[in-house]
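Trainee: I am new to this structure and would like a close look at a single part of it, the sheet and what lies around it. Please take me through it in one go.

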Amino acid sequence: MAAATKHVFAIKILDRLPGLFKPNRYLYYCARCKWSFVVNDGRSGVITAMDDNGNYLPHDEAQKRVATFALGPCPALQVLNVELGPIQTSSNGTESSDHIRRFQPRANQLLRDWAC
């Protein structure tokens, strides 16, 4: 599940910082949530979160975004992290839940539909 909730990045090579042995800077842009990060910003390995206009974010917000950089979760996929509430059976025998249940076909149904 953790691999499914990671950011999906498009990576752009930016300029090289002035000086000898300085690394290239990279812009990481998540295609799902539209968040941007600059890697190697100032020193090697430094990750900086950016807003939509390319400006630095305030410290608190930047820390929250950078914490999701490597392993996620991507905020566009937060719906996958929501746990379903307990299923309750009503008096007429139908099941109900606190959250909306999505239809998920079983593997044998998919194979049967695909073979036709």
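Mentor: What follows goes through the sheet, one strand in it, the loops beside it and the confidence of the model.

This is a predicted model, in which local features need pLDDT of at least 70 and side-chain atom pairs count only at pLDDT 80 or more, while totals for chains, interfaces and linings use all residues. Residues are numbered from 1 along each chain as its sequence is written, and side-chain values use heavy atoms, with hydrogens and water left out.

Helices (H or I, at least four residues) and strands (E, at least two) are DSSP runs, numbered from the N terminus. Four strands form an open sheet in the order 1-2-3-4, with antiparallel pairing; two strands pair if DSSP finds at least two bridges between them. Strand 1 (9-16) and strand 4 are the edge strands, each pairing on one side only. From one strand to the next the twist averages 25 degrees. Strand 1 and strand 2 run antiparallel and are joined by six bridges. Ile 11 has Tyr 28 in strand 2 as its bridge partner.

Helix 1 lies across strand 3 and strand 4, at about 115 degrees to strand 4. Axes here are lines fitted to C-alpha atoms, for helices over the stretch in contact, and angles run from 0 to 180 degrees between N-to-C directions.

Now to strand 3. Ser 36 is placed in strand 3 and counts as buried because its relative accessibility is 11%; buried means under 20% relative accessible area, exposed over 50%, and partly exposed in between (1.4 Å probe, protein chains only). Leaving aside neighbours within four places in sequence, Ser 36 is in contact (heavy atoms within 4.5 Å) with Leu 27, Tyr 28, Tyr 29, Thr 48, Ala 49 and Met 50. With those neighbours again left out, the contacts of Phe 37 include His 7, Phe 9, Arg 65 and Phe 69.

Phe 37 also belongs to the largest nonpolar core, which has twelve residues, among them Tyr 28, Trp 35, Val 39, Ala 49, Leu 57 and Leu 77. A nonpolar core is a set of buried Ala, Val, Leu, Ile, Met, Phe, Trp, Tyr and Cys residues joined through side-chain atoms within 4.5 Å. Strand 2 and strand 3 are the elements that give two or more residues to this core.

The loops on either side of strand 3 come next. Lys 34 is in the loop between strand 2 (24-30) and strand 3 (36-39), and its phi is positive, about 70 degrees, although it is not a glycine. Lys 34 counts as partly exposed because its relative accessibility is 43%. Asn 40, in the loop between strand 3 and strand 4 (47-50), has a positive phi near 65 degrees. Asn 40 counts as buried because its relative accessibility is 10%.

Asp 41 is in the loop between strand 3 and strand 4, and is buried with a relative accessible area of 16%. The side chains of Asp 41 and Tyr 56 are joined by a polar contact of 3.1 Å. A polar contact is a pair of N or O atoms within 3.5 Å; within protein, one must be able to donate a hydrogen and the other to accept it, and residues adjacent in sequence count only if both atoms are side-chain atoms.

Last, the confidence. Among the elements of the protein chain, strand 3 has the highest mean pLDDT (93) and helix 2 (residues 107-115) the lowest (50); pLDDT is the predictor's confidence in each residue, from 0 to 100.
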